[in-house]
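Load the structure in the viewer and keep the selection panel open. The tour goes from one selection to the next.

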Amino acid sequence: MKKTILTGLRPTGNLHLGHYFGAGQNYVRLQDDYDFFLEIADVQALTDNFDNPDKVRKNVFEITKDLLAIGLDPKKVNFFIQSQIPEIAELTVFYSNLVTVARLQRNPTVKTEISQKKELFGNSGESITYGFLGYPVSQAADITAFDGEVVPVGDDQLPLLEQCREIVRKFNSIYGDVLKEPQQVLSKTTRVKGLDGNEKMGKSLGNAIYLVDDEDTIRTKVMGAVTDPNKIKKDDPANPDVCMVYYYHKLVNNDENINTVCNECKAGTRGCVQCKKELIEAMKEFLKPIQERRKFYEENPNEVKKVLEDGTKAARERAINKMAEVKKAMKIDY
Ligand code: TRP
């Protein structure tokens with residue numbers, strides 16, 4: 001029997017290349033070998049977007065189209081919407097007894113996120129909501145409701161998985177061996193740098209290339225990319241290892257072109273403008289099949305709805321079965 005993968009994404013915006021190399025590519029690779037449940041985590045997105053329901057709703061469909069566009073096959077992957085699985089909310093309540101507030105406040109992922117959201121949660125997190133602080137508990141419910149054994153995530157999510165395992169162990173030690181401890185699979189590339197040289201590509205950093213970006217948008221972003229600051233004139237030799245244009249050639253171009261870029265840059269026979277133009281072309285080529293698949297789903301919104309409906313139905317069946325086991329173990333199966 002195939003093992004179960006459970007992973008999730010918050011629908012707060014379109015996917016960018018950071019998501020693709022950090023997670024998406026990994027999903028595509030894993031989809032043949034696992035029983036795959038992919039959660040569109042709208043309830044989790046609402047924990048810090050509770051005042052913007054339109055944004056979350058719109059992005060449920062946007063992110064689903066992006067995921068289909070990168071080559072996830074709805075015959076292999078169950079796409080489901082978190083809010084449509086009431087068992088997840090129920091489990092969250094049960095698990096909330098098994099974790100202390102202090103432990104959640106110490107969770108490194110939660111800590112980082114609170115400090116990034118000062119306008120929402122205050123300068124030192126004094127206005128943190130109950131819901132946001134508790135989202136790792138809800139994520140533990142996401143995973144265990146489906147007996148998720150394998151969870152492909154980026155390294156920023158590791159503290160959340162550790163938290164989930166702690167809840168599982170605590171639950172099993174009190175109520176019996178009912179829940180499964182999940183293991184993570186990290187992506188090969190866990191973090192993609194921004195074109196501005198920032199360690200991370202992100203929406204809030206304004207340095208992301210989206211899978212849906214058109215040629216003009218790509219051109220503007222690539223033309224502004226950071227290159228070797230010591231290269232002043234077009235034919236100065238330079239160091240490709242400090243250049244973001246070379247970094248992106250390595251992500252989207254083929255080996256032969258990557259070598260040429262590297263050698264010519266070092267020899268001083270390649271100007272940065274030319275190099276950027278070539279990157280724009282390579283990026284367009286790279287995104288072409290993704291954007292073509294996406295176009296099909298944009299033109300056929302009912303297909304997207306159906307993918308979500310079918311996946312949610314399959315997910316619900318699983319969660320209902322698990323819930324029965326949990327309630328029996330907790331002696332609340334009246
Ligand atoms: N917290 C994850 C993120 O923001 C999304 C997520 C929700 C998730 N539920 C999950 C990831 C379950 C793995 C497993 O990226």
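Start with the helices and strands around the largest pocket. Select β1, α1 (17-30), α3 (53-69), α6 (108-116), α7 (118-121), α9 and β4: each of them supplies at least two residues of the lining of the largest pocket. Keep in mind that this is a predicted model. Now leave α1 alone on display, since α1 gives the most to this lining, with 5 residues.

Next, show the pocket itself. The space in the largest pocket comes to about 1600 Å³. Its lining consists of 49 residues, and those nearest the centre of the pocket are Arg-10, His-19, Glu-113, Asp-156 and Lys-200. Colour the lining by class: 16 residues are nonpolar, 20 are polar and 13 are charged.

Now turn on the ligand. Which space does the ligand take? The ligand takes the space of the largest pocket. To find its shell by element, select β1 (4-9), α9 (135-144) and β4 (150-153), which each give two or more residues to the shell around the ligand.

Add the neighbouring residues as sticks. There are 13 residues around the ligand, and Arg-10, Gln-44, Gln-139, Asp-142 and Gln-157 come nearest. Arg-10 was also among the residues nearest the centre of the largest pocket. By class, the shell around the ligand has 5 nonpolar, 5 polar and 3 charged residues.

Three distances can be displayed here, each ending at a nitrogen atom of the ligand:

- Select Gln-44: an N or O atom in its side chain is 2.7 Å from a nitrogen atom of the ligand.
- Select Gln-139: an N or O atom in its side chain is 2.8 Å from a nitrogen atom of the ligand.
- Select Glu-39: a polar atom of its side chain lies 3.3 Å from a nitrogen atom of the ligand.

Switch to a surface view of the ligand. The ligand taken alone exposes 370 Å², and the protein buries 91% of that area.

Hide the ligand and go to the second largest pocket. About 460 Å³ of space lies in this pocket. Centre the view on Thr-92, Tyr-130, Gly-131, Gly-134 and Ser-138, which lie nearest the pocket centre out of 21 lining residues. The elements to select are α2 (42-47), α4 (86-95), α5 (101-106), α8 (130-133) and α9, each supplying at least two residues of the lining. Of these, α4 provides the largest share, 5 residues. Colour this lining by class as well: the second largest pocket has 13 nonpolar and 8 polar lining residues, and no charged ones. Helix α9 appears in the lining of the second largest pocket and in that of the largest pocket.

The last stop is an enclosed space. How many cavities of 30 Å³ or more does the structure hold? The structure holds 1 such cavity. About 120 Å³ of space lies in the largest cavity. Select Thr-227, Cys-243, Cys-265, Cys-272 and Cys-275, the closest to its centre of the 14 residues that line the cavity. Then select α12 (244-252), α13 (255-267) and α14 (272-299), the elements that give two or more residues to this lining. Helix α14 gives the most, with 3 residues. A final colouring by class splits the cavity lining into 8 nonpolar, 2 polar and 4 charged residues.

Technical notes. Residues numbered from 1 in each chain as written. Predicted model: local features only at pLDDT ≥ 70, side-chain atom pairs only at ≥ 80, totals over all residues. Heavy atoms only, no water. 1 Å grid on protein atoms, 1.4 Å probe; cavity = no way out; pocket = protein on both sides within 12 Å on 5 of 7 lines; lining within 4 Å. Points joined across faces, edges and corners; volume = space filled by probe spheres on them. Helix = DSSP H or I, 4+ residues; strand = E, 2+ residues; numbered from the N terminus. Nonpolar A, V, L, I, M, F, W, Y, C, P; charged D, E, K, R; others polar. Near = heavy atom within 4 Å. Polar contact = N/O pair within 3.5 Å; in protein donor to acceptor, adjacent residues only side chain to side chain. Areas by Shrake-Rupley, 256 points an atom, 1.4 Å probe, with all protein chains shown as cover. Sits in = over half its atoms within 2 Å of the grid points.
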